[in-house]
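Open your viewer and keep the selection box handy. We will walk from the whole chain to single residues, one stop at a time.

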Amino acid sequence: MAGFQEPPIKKAKNDRTVDLSANTSQAPTQPSPSQAANGHTKARDGLGSFQNLKHKTPSKGTPQKTKNPEHLRNLLAQRHALPIFPARARLLEELRKNNTVIIIGETGSGKTTQIPQYIHEERLDRKGGICVTQPRRVAAISIAKRVAEEMDTNLGGLVGYSVRFEEAVCPATKVKYVTDGMLLREAISDPLLTRYSWILLDEAHERTINTDVLFGIVKDAQKTRRSLPGHDPLRLLIMSATMDVDHFSQYFGNCPVLYVEGRQHPIEMFYAKKQQEDYVMAAMTTVFQIHREAPPQHDILLFLTGQEEIDSVTTNLRQIAKDGSLAECPRLRVLSLYAALPAHQQLDVFRATAEGERKVIVSTNIAETSITIPGIRYVIDCGRAKVRTYHPGSGFDALKVKKISQAQAWQRAGRAGREASGSCYRAYTRAEFDAMNVNPTPEILRSNLASVMLQLLAMGIKNVVTFDFIDKPSAELLEAAIVQLSFLDAVVIKSDSLELTEAGRKMAQFPLEPRYAKVILSGPEHGCTEEEQAANARRKFTSVEGDHITLLKVFRAFKAAKKNKMWCHENFLNFRNLLYATEVRKQLVQVCERCGVALTSCQQKTDSVRRCLATGLFTSVAELQLDGKYLTLDTKQEAALHPTSALFGGKPAYVLFTELVQTGKAYMHLNSIVDPQWLHDIAPEYFRRKHVKR
DNA sequence: CTCTCCCTT
């Protein structure tokens with residue numbers, strides 16, 4: 001690669017208009033939020049700038065379990081050293097004055113762990129608990145553990161967490177960390193979220209579909225609780241890492257925005273001098289540029305887009321590392337990282353780098369948010385990622401390599417400065433960076449919304465089309481979701497409203513996509529409530545009927561083998577996935593019992609399982625054409641069986657698919673053979689128009 | 001002849 005130049009704008013020391021944290025030795029990687037604030041009409045205080053703030057000692061009354069006073073003193077010292085601590089009093093003042101506040105805090109500010117404690121210490125949670133949402137399970141659990149430790153209580157007592165299949169709470173729990181999906185579920189049975197006086201939506205900048213829906217739910221709950229007598233106010237805190245302040249603030253009634261500086265080590269930024277034609281090659285060249293100069297144990301994290309790319313780059317890097325010209329350099333350990341990798345290989349990236357060695361981790365964006373790797377001093381960012389976008393017109397998801405947003409680019413860069421100062425090399429020019437979107441497209445604007453619509457309806461929200469989304473999905477996207485729900489008999493479209501049917505109400509109870517909920521509801525009709533579960537199957541269990549029956553066979557064999565880990569290993573099956581499937585199944589059985597869905601088993605008559613599948617997935621069927629290709633019946637899209645499918649290579653006349661993803665081609669994933677006669681039985685009107693043979 | 005990534009009583 002042509003090499004990198006230093007950025008045209010270096011961080012200006014002692015100039016607050018450029019860099020909020022310039023008065024500290026630890027500058028943030030990101031252009032400071034204060035920049036965004038300057039353009040604001042209302043004065044918005046930078047919390048970090050307040051001095052001489054006193055800290056009240058935590059009030060008594062928390063269950064004491066002190067074992068090691070020194071350890072506790074240590075924890076307290078750490079808490080006091082966090083950037084948010086000097087702003088404690090000022091923050092609480094704002095929280096007392098306003099029902100909704102937005103907090104912008106960079107990584108390391110301590111907002112997620114400290115703010116709930118501050119609220120509790122001041123007993124502002126007397127009338128109801130504090131709920132803090134996280135997009136990821138592991139985060140919810142590990143943060144709760146940390147906070148329980150800091151508050152010197154047992155996890156599951158005053159401080160707890162609740163994620164799917166795992167919960168540590170009791171009636172006395174005041175500070176609860178949950179996944180945002182979990183809070184959404186709670187909102188179905190309690191739309192006003194009456195158990196809480198405080199809801200803190202964390203990582204709001206990620207704009208996951210769940211957070212976006214929650215924005216609307218909590219805003220509505222707050223308003224309703226204010227208007228109805230006998231309700232205590234609902235206090236909202238929206239916590240975000242980026243500066244898309246105006247958008248959030250406008251949505252929440254121009255509420256105040258508070259800034260907390262982060263604790264990041266400085267990161268030197270480098271951009272490509274000129275546009276790179278081949279970002280993979282550019283990135284590889286940069287690895288060796290760094291490798292020649294950097295001291296050993298200064299590890300490199302390289303962001304690329306996908307498995308194939310990553311595997312080929314790791315292979316190449318290993319090959320080049322053997323080159324004689326690098327004999328003087330540290331030994332290079334090259335590792336791949338992506339979600340599909342087996343667990344033990346994922347764990348490899350955490351192994352500390354030995355003396356005289358360097359590791360290079362070549363990763364997807366899993367290392368952007370989900371996995372934090374210690375020891376990283378250099379980040380190389382290719383500036384791209386795979387993005388999934390649902391196209392309601394054709395019914396498929398496109399999975400395409402796209403330019404990342406500036407916010408993501410800063411997030412990636414930040415991975416170099418977690419333990420010490422670092423460097424970030426961008427395989428794109430400064431001008432290319434400036435041309436990137438500031439923020440990524442929110443997930444809710446590029447997803448199938450059938451689940452969201454069903455959930456909103458189940459919460460009693462009458463007009464889902466006019467629901468107050470922070471970013472409103474297109475009419476086409478909303479329409480497609482409603483049409484899908486009406487095909488599934490979950491809703492009835494009336495002249496000017498939507499009505500949830502009895503079946504729809506039941507479907508909403510299942511933690512599943514509506515299509516699959518429908519499959520389960522149709523179980524008793526066909527004498528089987530056995531569900532297939534996601535797992536990695538191998539040839540031995542492959543069924544001619546398709547992937548679903550294959551998975552069912554795997555699952556049954558797993559149970560027969562008494563969920564044995566060795567057995568999985570011997571049969572090339574993923575133990576953890578199968579265990580997870582067991583949990584899912586247990587949960588679904590419980591929901592069935594609650595909804596009065598009879599539990600029956602079809603034993604060996606697996607065609608009735610496929611029949612059930614068709615009742616939920618009949619809009620996802622493709623027909624074999626004379627030329628040997630498939631066309632989807634719903635939208636007449638050309639589609640191919642995915643090579644991992646059990647049906648791949650065969651040519652059944654009708655196949656049902658669970659997912660249609662366009663990568664190189666439009667591929668059908670997880671397929672089963674379907675009998676066209678069933679289709680006419682299930683949805684006669686629909687299939688008459690599709691001209692399906694009998 | 002192929003696979004960004006989270007998540008749900």
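Before the first selection, one term: a residue is buried when its relative accessible area is under 20%, exposed when over 50%, and partly exposed in between (1.4 Å probe, protein chains only). This is a predicted model, in which local features need pLDDT of at least 70 and side-chain atom pairs count only at pLDDT 80 or more, while totals for chains, interfaces and linings use all residues. Residues are numbered from 1 along each chain as its sequence is written, chains are lettered from A and ligands numbered from 1 in the order in which they are written, and side-chain values use heavy atoms, with hydrogens and water left out.

**Stop 1: the whole of chain A**

Select chain A and colour by secondary structure. Helices (H or I, at least four residues) and strands (E, at least two) are DSSP runs, numbered from the N terminus. Chain A has 25 helices and 24 strands. Of its 694 residues, 54% count as buried. A contact here means heavy atoms within 4.5 Å. Among contacts in chain A between residues at least 6 apart in sequence, 73% link residues at least 24 apart.

**Stop 2: DNA strand B**

Now show DNA strand B with the residues near it, where near means that a heavy atom of the residue lies within 4 Å. You should find 33 residues around the strand, and the closest are Met182, Lys386, Gln590, Arg594 and Thr663. Of the strand B atoms that come within 4 Å of the protein, sugar and phosphate account for 66%.

Zoom in on some polar contacts, which are pairs of N or O atoms within 3.5 Å; within protein, one atom must be able to donate a hydrogen and the other to accept it, and residues adjacent in sequence count only if both atoms are side-chain atoms. Here are three pairs to display:

- Lys386: an N or O atom of its side chain is 2.3 Å from a phosphate oxygen of DNA strand B.
- Ala339: a backbone N or O atom is 2.5 Å from a phosphate oxygen of DNA strand B.
- Pro511: a backbone N or O atom is 3.0 Å from a base nitrogen of DNA strand B.

Which elements give two or more residues to the surface near DNA strand B? They are helix 6 (180–189), strand 15 (384–391) and helix 22 (575–595). Helix 22 supplies the largest share, four residues. For colouring by class, Ala, Val, Leu, Ile, Met, Phe, Trp, Tyr, Cys and Pro count as nonpolar, Asp, Glu, Lys and Arg as charged, and the others, Gly among them, as polar. The surface near the strand then has 13 nonpolar, 12 polar and eight charged residues.

**Stop 3: two covered helices**

Stay with helix 6: seven of its 10 residues are buried, so the rest of the structure largely encloses this helix. Among the buried ones are Asp180, Met182 and Glu186. Next, select helix 13 (residues 406–414), which is mostly covered, with eight of its nine residues buried. Trp410 and Arg412 are among these.

**Stop 4: a helix pair**

Two packed helices are described by the angle between their axes and the distance between the axes. Axes are lines fitted to C-alpha atoms, for helices over the stretch in contact, and angles run from 0 to 180 degrees between N-to-C directions. Select helix 17 (residues 502–509) and helix 18 (residues 514–521): their axes come within 9 Å and cross at roughly 110°. That makes helix 17 roughly perpendicular to helix 18. (Angles under 35 degrees count as roughly parallel, over 145 as roughly antiparallel, 65 to 115 as roughly perpendicular and the rest as oblique.) Show Ala503, Lys506 and Met507 of helix 17 where they meet Pro514, Ala517, Lys518 and Leu521 of helix 18. This contact has five nonpolar, no polar and two charged residues.

**Stop 5: three loop residues**

Is Ser109 buried or exposed? Ser109 is buried, at 1% relative accessible area, in the loop between strand 2 (100–105) and helix 4 (111–121). Its side chain reaches the backbone nitrogen of Lys111 at 3.4 Å.

Most residues other than glycine have a negative phi. Phe165, not a glycine, has a positive phi of about 70° and is partly exposed, at 28% relative accessible area. Lys562 also has a positive phi, near 60°, and counts as exposed at 72% relative accessibility. Find Lys562 in the loop between helix 20 (547–560) and helix 21 (565–570).
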